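This note gathers comments on one structure for a colleague who is about to examine it. Please read the points below alongside the sequence and the coordinates.

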Amino acid sequence: MNTGMKSELPPGFADELCKLTMACARSGGNPETLLDTALEILVAMNRKGLRHAGAIFLFDPQQEKLLLVAHRGHPKIVAACSQSLSPGQCLCGAAAVEGRVLYSPRASRESWHLPHTPDGREHGDLCIPLFSSQEDPVGAIHLVTEPDMKPDPSFLNFLDKVGRILGAFLSESIRMRSMEDYIQDLLADILHKEKRISELSMALEHAKRAKSDFLASMSHELRTPLNAVIGFSQVLQEDYFGDLNEKQKQYVADILDSGKHLLALINDILDLSRVEAGVMEMELALLRISRLFQSSLTMIREKAAKHGIHLEVDLPENVRDLEIVAEERKLKQVLFNLLSNAVKFTGDGGTIRLGARLIHDPLVPPDHVPDSGMETLGCVEIFVSDTGIGIEKEDQERIFDDFYQVRRGLSGKTPGTGLGLPLARRLVAVHGGRLWVESNGKNQGCRFALVLPVGACVIPAASAASRKRGKSSVRHG
Ligand code: ADP
């Protein structure tokens, strides 16, 4: 085995290197094209010493082997015997490991070569290591020579440079190919996931509809007998069919309370499932804030009076006559939930305040209502504050979870279901707004606030004609 010595390249060699680089650039990094290109140039330079035969081996890090990726001029049987080499094996394996050009003048006679020359033709071997542009070994190129070719050091030096040029193109093309494979895998994965998501979302949609259908029919089935239970216990309580003794009165009151509680629970579950299933019909119309306040307060006034709780209203001039596009029944339900909670969690003699103001809320950006002739006033904040038991920081988000209750209610007041706030939050959300609570903690009272976005709601008192136009039906989902 001879070793290629490094020396200056004679001028002719530099031209050939340029030619090789340009031919490689046009080849697209395909190993067979690169081998053909190299053989063409090298054999033309050294017709007497080189045969038109060679091979390229590339290192496969997974198998830790050099794999034959291209060959020319070898009988098929030779190529079949040389499909892979261990690093260090044969002259090519050694050149790849040692990182230098190796030459054997009569390789066909060497013991290490025999397994790869089943045809026994006499020849020499020149093996050139291949390097990436980062100087990492990537394989070797094998050239078949006439026996005893005796290459001079400048030719060996030239071959060393050839190995670097071919190696750089080959490693770049491997990198690109593995990148392409990677991208293909990613795309296939994305397609697979998209398909799975659309299957799941169809199944989910189906399940949501089935759930809301089930709840709608179940709640109807439950509500009918429940209304009979409530109605008959009310009749009994009124003593229409004779006086009840104290025990009977107490039991009838318990039946009535439990019946109402169950009815509230069924109604809340039904409303929640409708919002979740996206099948809640929205009957939007212009709603004056003062009217919303009046009807909400009417519903709560008696309960508050029963516990000596003061009701205060904070409705500034600029908000009183403001009209918002909303569904009155749903917003009334939200305010009723907040007000009845305030009564439930405020001790006797406390104060509840219902108010509204114009604000700017960065979390509820105002939309534009194009060509609506509506004036943009900002967001409307509606709040319910109380002087009750307050809510600790850690519970201030949790109370909006379904069925979460910190306390079921103060003694002497009807316990709730744990669904009022989650439902209120969803109802505000279908209006495009948000609902949250602020409290300084235990016994510090609390303030529930909801903000409605400009686009969904703000209109100054508009003309009668545009009011009628404001009524619409929106299906959420
Ligand atoms: P509930 O039917 O139990 O009132 P909600 O979802 O309306 O269900 O409220 C959830 C929980 O939030 C209540 O059980 C209570 O612990 C807490 N909460 C709600 N409003 C108030 C309030 N004004 N003051 C103190 N705690 C409150």
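1. Two strands are taken as paired if DSSP finds at least two bridges between them. In this predicted model, β6 and β7 meet that criterion, being joined by 8 bridges in an antiparallel arrangement. Within this pairing, G124 has T145 of β7 as its bridge partner.

2. The hairpin formed by β6 and β7 has 5 residues between the strands, and E135 there adopts a positive phi near 70°. The backbone at E135 may be worth displaying when the hairpin is inspected.

3. Strand β6 also pairs with β5 (residues 102-104), again antiparallel, through 3 bridges. In this second pairing, L102 lies opposite C127 of β6. C127 itself belongs to the set of β6 residues that also includes D125, P129 and F131 and that points one way, while G124, L126, I128 and L130 point the other way.

4. How many residues of strand β6 are buried? The count is 8 of the 8 residues in the range 124-131, so the strand is largely enclosed by the rest of the structure. The cut-off behind this statement is a relative accessible area under 20%. Both sets of side-chain directions are covered, since the residues pointing one way and those pointing the other are all buried. D125 is therefore among the buried residues of a strand that is largely enclosed.

5. The second largest pocket holds about 460 Å³ of space. Its lining consists of 20 residues, with F59, P61, S171, I174 and R175 lying nearest the centre. Two or more lining residues come from each of β2 (50-60), β3 (65-72), β7 (137-145) and α5 (153-237). Strand β7, the partner of β6 in the hairpin, is thus one of the elements named here.

6. Which element gives the largest share of the lining of this pocket? Helix α5 does, with 6 residues. By class, the lining comprises 9 nonpolar, 6 polar and 5 charged residues.

7. The ligand has 22 residues around it, and those that come nearest are N341, D386, Q405, T417 and L421. For D386, an N or O atom of the side chain is 2.9 Å from a nitrogen atom of the ligand.

8. Backbone atoms also approach the ligand. A polar backbone atom of V406 lies 2.9 Å from a ligand oxygen, and a polar backbone atom of G418 lies 3.1 Å from an oxygen atom of the ligand.

Key: Residues numbered from 1 in each chain as written. Predicted model: local features only at pLDDT ≥ 70, side-chain atom pairs only at ≥ 80, totals over all residues. Heavy atoms only, no water. 1 Å grid on protein atoms, 1.4 Å probe; cavity = no way out; pocket = protein on both sides within 12 Å on 5 of 7 lines; lining within 4 Å. Points joined across faces, edges and corners; volume = space filled by probe spheres on them. Helix = DSSP H or I, 4+ residues; strand = E, 2+ residues; numbered from the N terminus. Nonpolar A, V, L, I, M, F, W, Y, C, P; charged D, E, K, R; others polar. Buried < 20%, exposed > 50% of the residue type's maximum accessible area, 1.4 Å probe, protein only. Near = heavy atom within 4 Å. Polar contact = N/O pair within 3.5 Å; in protein donor to acceptor, adjacent residues only side chain to side chain.
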